Amino acid sequence: GKSVELRELVNEFDEYISFNLAQEKEKDVIDTDYLAQKLFEDFSDDLELSGIDFNVNNLAGNVEICVNQKKLKRVFSNIFSNCEKHFEKELKKINVDIFCYL
């Protein structure tokens, strides 16, 4: 257990360092419809193979956002990977709801 916690801490530190590198700060303007579509396309097949019901709902309308797509994909990949590892129930479901607060 301790080694897993230490590995996660090192990974978080690595992400923090890499997040602050200049070449990683490139951002794109995308809209939330594209984000929802891309998340579903990138992750639905693998999650379905793991027996996970996966849905992405864009509740923000079609709003433009400025993001680093590579980093955002990595964040979601880490979240979904952790979900897969720690599901305890037979019914496995992940819902991603996209909101916009102005």
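**A first look at this predicted model**

1. Let's start with the biggest opening: the largest pocket holds about 540 Å³ of space. Keep in mind as you read on that this is a predicted model.

2. What surrounds that space? The lining of the largest pocket is made of 18 residues. Those that lie nearest the centre are N11, E12, E15, N78 and N82. By type, the lining splits into seven charged, six polar and five nonpolar residues.

3. Which helix gives the most to that lining? That would be α3, with nine residues. Both α1 (2–19) and α3 (69–86) supply at least two lining residues each, so look along those two helices if you want to find the pocket on screen.4. Stepping back to the fold, the chain has three helices and four strands. Follow the sequence from one end to the other and the order is α-β-α-β-β-α-β. If you want a feel for the dimensions, the C-alpha atoms fill a box of roughly 40 × 40 × 25 Å along the principal axes.

5. Now for how the chain packs against itself. Of its 102 residues, 22% are buried. Take the contacts with a separation of 6 or more: 84% of them are between residues 24 or more positions apart.

6. T32 is a good residue to zoom in on. You'll find T32 in helix α2, which covers residues 32–49. Is T32 buried or exposed? T32 counts as buried because its relative accessibility is 3%, and the cut-off for buried is under 20%.

7. What does T32 touch, once its neighbours within four places in sequence are left aside? The contacts are N58, A60, G61, N62, V63, I65 and I98. G61 deserves a second glance: its backbone oxygen sits 2.5 Å from a polar side-chain atom of T32.

8. On to the cysteines. How many disulfides does a search of the whole structure find? The count is zero. C66 is in no disulfide, and the nearest cysteine sulfur to it, in C100, is 14 Å away.

9. Why is there no bond from C100? The closest cysteine sulfur, in C66, is 14 Å from that of C100, which is too far for a bond because a disulfide needs the two sulfurs within 2.5 Å. As for its surroundings, C100 has a relative accessible area of 32%, so it counts as partly exposed.

Methods:
Residues numbered from 1 in each chain as written. Predicted model: local features only at pLDDT ≥ 70, side-chain atom pairs only at ≥ 80, totals over all residues. Heavy atoms only, no water. Buried < 20%, exposed > 50% of the residue type's maximum accessible area, 1.4 Å probe, protein only. Polar contact = N/O pair within 3.5 Å; in protein donor to acceptor, adjacent residues only side chain to side chain. Contact = heavy atoms within 4.5 Å. 1 Å grid on protein atoms, 1.4 Å probe; cavity = no way out; pocket = protein on both sides within 12 Å on 5 of 7 lines; lining within 4 Å. Points joined across faces, edges and corners; volume = space filled by probe spheres on them. Nonpolar A, V, L, I, M, F, W, Y, C, P; charged D, E, K, R; others polar.
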